[in-house]
Amino acid sequence: MPETIRYSVVAAIQTLWLAARAEGLGVGWVSILDPGAVHDTLDLPPDWTLIAYLCIGWPEEEHDDPELERHGWQKRMCDEAVKPLLR
């Protein structure tokens, strides 16, 4: 099952994310990019697939709302979906 390679990468990202947050690091999964452009910019082999573009670092501030929404880059698709996540 070749697709398990991608699932393994996503599982590793989840583990990295949890470990980083446990240490106070912020993790951002950049979702507003063109995978083809990133692939070309990084000059990756043709058979490579972009799974994630992550930013990891010490946050300057904490927010409950996504940065995409806060800066007006992308509206939340469904407010009902996040209500259980809000405090």
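Helices are DSSP runs of H or I with at least four residues, and strands are runs of E with at least two, numbered from the N terminus. The model shown in these views is predicted.

**View 1. H39 in helix α2.** H39 belongs to helix α2, which covers residues 35-41. The relative accessibility of H39 is 16%, under the 20% limit, so H39 counts as buried. With residues up to four places away in sequence left out, the residues that H39 touches are L44, P45, P46 and W48.

**View 2. The fold as a whole.** Four helices and two strands make up the secondary structure of the protein. Read from the N terminus, the order of the elements is α-β-α-β-α-α. The protein has 87 residues, of which 10% count as buried. Among contacts with a separation of 6 or more, 57% join residues 24 or more positions apart. The exposed area of the protein is about 7400 Å², with 58% of it supplied by carbon and sulfur atoms.

**View 3. Helix α1 and the residue G24.** Helix α1 takes in residues 4-22, 19 residues in total. From the first C-alpha of α1 to the last, the helix reaches 27 Å, close to the 27 Å expected at 1.5 Å a residue. G24 comes just after α1 and has a positive phi of about 90 degrees.

**View 4. The second largest pocket.** The space in the second largest pocket is about 180 Å³. Its lining includes I5, R6 and V9, and I5, R6 and V9 fall within the residue range 4-22 of helix α1. The other lining residues are L42, L44, D47, W48, T49, L50, I51 and A52. Sorted by class, the lining has eight nonpolar residues, one polar residue and two charged residues. Two of the lining residues, L44 and W48, are also among the residues that H39 touches in View 1.

**View 5. Q74 in the loop between α3 and α4.** Q74 sits in the loop that runs between α3 (67-70) and α4 (79-82). Its relative accessible area is 32%, and Q74 is therefore partly exposed. Beyond its neighbours within four places in sequence, Q74 is in contact with I32, L68 and E69. Of these contacts, L68 and E69 lie within the range 67-70 of α3. I32 is 42 residues from Q74 along the chain, and the C-alpha atoms of Q74 and I32 are separated by 8.9 Å.

How values were computed. Residues numbered from 1 in each chain as written. Predicted model: local features only at pLDDT ≥ 70, side-chain atom pairs only at ≥ 80, totals over all residues. Heavy atoms only, no water. Buried < 20%, exposed > 50% of the residue type's maximum accessible area, 1.4 Å probe, protein only. Contact = heavy atoms within 4.5 Å. Areas by Shrake-Rupley, 256 points an atom, 1.4 Å probe, with all protein chains shown as cover. Expected span 1.5 Å × (residues − 1). 1 Å grid on protein atoms, 1.4 Å probe; cavity = no way out; pocket = protein on both sides within 12 Å on 5 of 7 lines; lining within 4 Å. Points joined across faces, edges and corners; volume = space filled by probe spheres on them. Nonpolar A, V, L, I, M, F, W, Y, C, P; charged D, E, K, R; others polar.
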